[in-house]
Amino acid sequence: MTAYRIPATGDPGLQPERTALAWGRTSLAIAVNALLSLRAGLLLGEPSLVAIGALLFAAAGGAVAIGAARRAQLSGDELTITPPRWALPGVAAATVLASVAGIASVLVEGSAG
């Protein structure tokens, strides 16, 4: 897939702002689940949850970086409409992993308490 670019028209400030907010919400959701996993892993001595939490924090940082790059792509005189090919599947996988890790941390903590 090649990048689809169009000239900027109208108010270019709104789309980059909405895009940045959406990426920010996604990275926040991943980071919260990372915290849940880390907390459960550290309290219960589960190294797998600690490792997943650390991985999710890295993924949250990646989502923040992608959001900043997308905001830059959607600003200026020429807008790059298509995101990088790997960005959406990667963040979708990180979001699914975050959801599974959050559920697992709650279940593991519930069974130990």
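Leu 14 lies in helix 1. Leu 14 is partly exposed, because its relative accessible area of 47% falls between the 20% cut-off for buried and the 50% cut-off for exposed. The C-alpha atom of Leu 14 is separated by 9.6 Å from that of Leu 74, although these positions lie 60 residues apart along the chain count. The model is predicted.

**Overall fold**

- The protein has 3 helices and 2 strands.
- Their order along the sequence is β-α-α-β-α.
- Contacts between residues 24 or more positions apart make up 72% of the contacts in the protein with a separation of 6 or more.

**Burial and surface**

- The protein has 113 residues, and 28% of them count as buried.
- Its accessible surface comes to about 6700 Å².
- Carbon and sulfur atoms hold 69% of that surface.

**Helix 1 and Asn 33**

- Helix 1 covers residues 14-44.
- Asn 33 also has its place in helix 1.
- Asn 33 has a relative accessible area of 16%, and it is therefore buried, as the cut-off is under 20%.
- Leaving aside residues up to four places away in sequence, Asn 33 touches Leu 56, Ala 98, Ser 99 and Gly 102.
- One of these partners, Leu 56, is a buried residue of helix 2.
- Two others, Ala 98 and Ser 99, fall within the residue range of helix 3, 87-112.

**Helix 2**

- Helix 2 runs over residues 47-73, 27 residues in total.
- Its end C-alpha atoms are 39 Å apart.
- That agrees with the expected span of 39 Å, because each residue should add 1.5 Å and the count used is one less than the number of residues.
- The buried residues in helix 2 include Leu 49, Gly 53, Leu 56 and Ala 60.
- Also buried in helix 2 are Ala 63, Ile 66, Gly 67 and Arg 70.

**Nonpolar surface patch**

- Leu 28, Val 32, Leu 36 and Val 106 form a nonpolar patch on the surface.
- Together these four residues have about 340 Å² of accessible area.
- Helix 1 gives the largest share of the patch, 3 residues.
- Val 106 lies in helix 3, which covers residues 87-112.
- In sequence, Val 32 of the patch sits beside the buried Asn 33.

Note on methods: Residues numbered from 1 in each chain as written. Predicted model: local features only at pLDDT ≥ 70, side-chain atom pairs only at ≥ 80, totals over all residues. Heavy atoms only, no water. Patch = residues over 30% accessible without salt bridge, like charges linked within 9 Å, V, L, I, M, F, W, Y side chains within 5 Å. Areas by Shrake-Rupley, 256 points an atom, 1.4 Å probe, with all protein chains shown as cover. Salt bridge = Lys/Arg side-chain N within 4 Å of Asp/Glu carboxyl O. Helix = DSSP H or I, 4+ residues; strand = E, 2+ residues; numbered from the N terminus. Buried < 20%, exposed > 50% of the residue type's maximum accessible area, 1.4 Å probe, protein only. Contact = heavy atoms within 4.5 Å.
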